[in-house]
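Student: I would like a close look at one part of this model. Please start there and work outward to its surroundings.

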Amino acid sequence: MNQKSEKEKMIAGEYYLAGDETLVADRRYARKQMMKFNAEMDPKKREEILKETFGQITNSAYIEPNLRFDYGYNITVGKNFYANFDCTLLDVCPITFGDDCMLAPNVQIYTASHPIDPEERKSGLENGAAVTIGDNVWLGGGS
């Protein structure tokens, strides 16, 4: 019987250890991609960085800097995606956007969580839950 990796448990929303060496390496890569993205002035080059990093971009994604995310590979965007300045997408579990979605400045979407019970929280285990946003959604500033 195969035991799930910490990454598989994380994506499934199960308890996992964030200090796992694979996850640490994945976050390190994501930080490098974020730095490249946020420093890039050319929107076409920014989109190419996103296509290297995100799980899927259906046709086009225009995102203003500064963008923050945990891994990137758990983010899927549908057609004609737009995000304004300073969005945070904590993607320990999948974040899926439908077609024609827009995010205003400072939108924050968190899939990450921690145990509510303080004793469980001390274990270092984390978990999360997927977030799905449908088609034609506009999330207002700071939501």
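Tutor: The answer below starts from one helix, then follows its links outward. This is a predicted model, in which local features need pLDDT of at least 70 and side-chain atom pairs count only at pLDDT 80 or more, while totals for chains, interfaces and linings use all residues. Residues are numbered from 1 along each chain as its sequence is written, and side-chain values use heavy atoms, leaving out hydrogens and water.

Take helix 2. Helices (H or I, at least four residues) and strands (E, at least two) are DSSP runs, numbered from the N terminus. Helix 2 covers residues 21-39, 19 residues in all. Its first and last C-alpha atoms are 27 Å apart, close to the 27 Å expected at 1.5 Å a residue. The expected span is 1.5 Å times one less than the number of residues.

Now its sides. Leu23, Asp26, Arg27, Ala30, Gln33, Met34 and Phe37 are the buried residues of helix 2. Buried means under 20% relative accessible area, exposed over 50%, and partly exposed in between (1.4 Å probe, protein chains only). Viewed down the axis of helix 2, these buried residues fall within an arc of 125°, so they line one face. The arc is taken over the directions from the helix axis to the C-beta atoms. On the other side, Glu21, Lys32, Met35 and Ala39 are exposed.

What covers the buried residues? The cover includes helix 1 (6-11), strand 1 (16-17), helix 3 (43-53), strand 3 (61-63) and strand 4 (67-69). Contact here means heavy atoms within 4.5 Å.

At the start of helix 2, a side-chain oxygen of Asp20 comes to within 3.2 Å of the backbone nitrogen of Thr22. Gly19 sits in the loop between strand 1 and helix 2. Gly19 is exposed, at 64% relative accessible area. Its C-alpha lies 9.2 Å from that of Glu6, 13 residues apart along the chain.

Next, a charged link. Asp26 forms a salt bridge with Lys7, with 3.3 Å between the closest N and O atoms. The pair joins distant parts of the chain, 19 residues apart: Lys7 in helix 1, Asp26 in helix 2. A salt bridge is a side-chain nitrogen of Lys or Arg within 4 Å of a carboxyl oxygen of Asp or Glu. Asp26 is buried at 16% relative accessible area. Lys7, at 26%, counts as partly exposed.

Helix 1 also holds a salt bridge between Lys9 and Glu6, whose closest N and O atoms are 2.7 Å apart. The two are three residues apart in helix 1, so about one helical turn separates them. Both Lys9 and Glu6 are buried. The whole structure has six salt bridges.

Two of the covering strands lead further. Strand 1 belongs to an open sheet of three strands, order 1-12-11, with antiparallel pairing. Strand 1 and strand 11 (112-113) are at the edges, each with a single partner strand, so one side of each has no neighbour in the sheet. Strands pair if DSSP finds at least two bridges between them. Two bridges join strand 11 to strand 12 (residues 125-128). Ala112 has Gly128 in strand 12 as its bridge partner.

Strand 4 runs parallel to strand 7 (residues 87-90), joined by three bridges. Arg68 has Thr88 in strand 7 as its bridge partner. Three bridges also join strand 7 to strand 10 (residues 108-110), again parallel. There, Leu89 stands opposite Ile109.

How values were computed: Polar contact = N/O pair within 3.5 Å; in protein donor to acceptor, adjacent residues only side chain to side chain.
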